[in-house]
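Here's a quick tour of one model, strand by strand and then into the interior. Have the structure open while you read.

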Amino acid sequence: MSHVTRRVVLLVPLAAGVCGSQAYAQSSLKKVEETEPKATAIGYRHDSAKVDKARYPKHDVAHRCYNCLAFAPDKPADEWGECDLMSDRLVHRNGWCSSYKKKKG
Ligand code: SF4
């Protein structure tokens, strides 16, 4: 076996394993519940239109997870996606929380 062939034999399965585990990790995340402490602490709602206006008077209904800097769905049109703040949960694209930061562009 040549040097290059041995390297390919060793690296290809390793790369496939890394990619496969990332895909598995994202698809295995649960959707966040609005009643979870991590969600209530930041006023998260699945629907930005249902945010408590008394608690968040400056909230803008146009601010939603899909146009927040922290939102990272697998595909742009996905209903649910990862959020930097809720690393082990998925948030709804129309959701909102008090840590909202508008995405540029
Ligand atoms: S940080 Fe952004 S993406 Fe995450 S829950 Fe709050 S508004 Fe949604």
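## The sheet

Let's start in the middle: β3 and β4 run antiparallel to each other, paired over three bridges. One spot to look at is Glu82, which sits opposite Leu90 in β4. The link from β3 to β4 is a hairpin of five residues. Keep in mind that this is a predicted model.

Zooming out, the open sheet has four strands, ordered β1-β4-β3-β2, with mixed pairing. Its edges are β1 (30-31) and β2 (71-72), each with a partner on one side only. On one edge, β1 goes parallel with β4 over two bridges, and Lys31 faces Leu90 in β4. On the other, β2 lines up antiparallel with β3, again over two bridges; there Phe71 is opposite Cys83 in β3.

## The core

Which residues touch the most other members of the largest nonpolar core? Among its 14 residues, they are Val32, Tyr44, Cys65, Phe71, Val91 and Trp96. As for elements giving two or more residues to this core, those are β3 (80-83) and β4 (89-92).

Val32 is worth a closer look. Skipping neighbours within four places in sequence, Val32 is in contact with Ala39, Tyr44, Met86, Arg89, Leu90 and Val91.

## Around the ligand

The ligand has 13 residues around it, and Cys65, Cys68, Ala70, Cys83 and Cys97 come nearest. By type, the shell splits into 11 nonpolar and two polar residues, with no charged ones. Cys65 turns up here among the nearest as well as in the core list above.

Note on methods:
Residues numbered from 1 in each chain as written. Predicted model: local features only at pLDDT ≥ 70, side-chain atom pairs only at ≥ 80, totals over all residues. Near = placed C-beta within 6 Å. Nonpolar A, V, L, I, M, F, W, Y, C, P; charged D, E, K, R; others polar. Core = buried A, V, L, I, M, F, W, Y, C linked by C-beta atoms within 7 Å. Buried ≥ 20, exposed ≤ 12 C-beta atoms within 10 Å, placed from the backbone. Contact = placed C-beta atoms within 7 Å. Pairing = 2+ DSSP bridges.
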